[in-house]
Amino acid sequence: MDEVSRVLKTQLFAGKRSRIFETMTAAAKLLADQPEGSRHVVLITDGVETPGGKVDLDEALKQIRGLMATVHVISYTTLVRQKDDKQPSKITAGQLPNSSNPITANDPTLPSGVTRSPSFGVGITFDPAMRRVRKAYEADTKKSEKWLTNLAEETGGRIFLPKSTSEMISEGEEVAREIGAEYVVTYRPTRPLAEAAPGEYRKIEVASRRVGLYLRSRRGYAVPKP
């Protein structure tokens with residue numbers, strides 16, 4: 001799982017936004033032949049789908065849940081919504097160019113570009129179209145956080161919401177450690193699986209009797225086809 005940290009260090013953000021739903025279904029197909037207990041999907045995403053995809057959210061979730069895999073999410077939704085103090089201010093103040101005042105700019109007693117009465121003012125850069133796009137994107141990331149969180153918790157994984165690239169890298173390493181600490185637990189259901197319909201969802205609850213031991217487990221599973 002060192003691959004998780006390597007990807008984060010070398011390619012934190014792709015040049016083009018990927019189609020996350022198609023990626024999830026592709027992961028389900030690739031891992032279908034792997035034995036249960038070793039199926040892990042690590043999503044490094046904002047959860048916002050590019051328009052025009054061939055797979056919708058419901059289908060992607062159905063595929064990934066049916067895989068019986070643990071999903072770990074490193075979502076940079078919180079990071080991209082932060083206000084960057086290093087960004088230049090949209091409000092500027094200072095001396096205005098002499099050309100802005102035709103009276104002082106055309107003073108025949110002074111060289112070109114020189115004035116005895118400089119003008120000062122405030123300038124505001126405003127791009128309403130870009131502002132609307134930004135607000136729409138922020139709204140989409142808030143929605144995506146909800147289904148990403150639910151997906152991770154339902155499958156026994158965890159969602160991370162780093163606020164910096166360094167946090168993303170360290171949390172990638174934590175994901176690797178958690179994958180290495182996973183165990184497969186079996187049980188005998190009260191109602192036999194033979195009586196269940198294929199795809200039926202069975203809820204489960206795993207608890208520990210050891211004091212101070214914290215564990216996470218999937219909330220349920222879909223009955224596989226015979």
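Author: Welcome! Let's start with a term: a residue is buried under 20% relative accessible area, exposed over 50%, and partly exposed in between. Keep in mind that this is a predicted model.

Reader: Thanks! Why is Arg216 called partly exposed?

Author: The relative accessible area of Arg216 is 33%. Partly exposed covers the range between 20% and 50%, so Arg216 belongs there, with its 33%.

Reader: And what makes Glu178 buried, while Glu174 is called partly exposed?

Author: Glu178 has a relative accessible area of 19%, and buried means under 20%, so Glu178 counts as buried. Glu174 has 24%, so that residue falls in the partly exposed class. Arg158, with 30%, is partly exposed as well.

Reader: How do you know that Arg216 and Glu178 form a salt bridge?

Author: The criterion is a side-chain nitrogen of Lys or Arg within 4 Å of a carboxyl oxygen of Asp or Glu. For Arg216 and Glu178 the N to O distance is 2.3 Å, so the pair qualifies. Arg216 lies in the loop between β6 and β7 and Glu178 in helix α7, so this bridge ties together parts that are 38 residues apart in sequence.

Reader: What makes Arg158, Glu174, Glu178 and Arg216 one network?

Author: Their salt bridges share partners. Arg158 pairs with Glu174 at 2.7 Å and with Glu178 at 3.0 Å; both values are within 4 Å, so both pairs count. Glu178 also meets Arg216. Arg158 itself sits in the loop between α6 and β5, 20 residues from Glu178 in helix α7. In total, the structure holds 9 salt bridges.

Reader: How do you know that Val41 is in contact with His72?

Author: Contact requires heavy atoms within 4.5 Å, and His72 is listed among the contacts of Val41 beyond its neighbours within four places in sequence. Others include Ala27, Leu31, Ile64 and Val71.

Reader: Which residues touch the most other members of the largest nonpolar core?

Author: Of its 21 residues, those are Met24, Val41, Leu43 and Leu151. Helix α2 gives the most to this core, with 6 residues. A second, separate core of 10 residues includes Val48, Tyr76, Leu79 and Val175.

Reader: What makes up the lining of the largest pocket?

Author: Its residues divide into 21 nonpolar, 13 polar and 9 charged. The volume of this pocket is about 1,600 Å³, and the lining residues closest to its centre are Met68, Tyr183, Val185, Ile204 and Arg218. Helix α3 gives the most to the lining, with 4 residues.

Conventions
Residues are numbered from 1 along each chain as its sequence is written. This is a predicted model: local features need pLDDT of at least 70, side-chain atom pairs count only at pLDDT 80 or more; totals for chains, interfaces and linings use all residues. Side-chain values use heavy atoms; hydrogens and water are left out. On a 1 Å grid over the protein atoms alone, a cavity is a set of points where a 1.4 Å probe fits but cannot get out, and a pocket is an open set with protein on both sides within 12 Å along at least five of seven lines; lining residues have an atom within 4 Å of a point. Grid points are joined across faces, edges and corners, and a volume is the space filled by probe spheres set on the points. Helices (H or I, at least four residues) and strands (E, at least two) are DSSP runs, numbered from the N terminus. Ala, Val, Leu, Ile, Met, Phe, Trp, Tyr, Cys and Pro count as nonpolar, Asp, Glu, Lys and Arg as charged, and the others, Gly among them, as polar. A nonpolar core is a set of buried Ala, Val, Leu, Ile, Met, Phe, Trp, Tyr and Cys residues joined through side-chain atoms within 4.5 Å. Buried means under 20% relative accessible area, exposed over 50%, partly exposed in between (1.4 Å probe, protein chains only).
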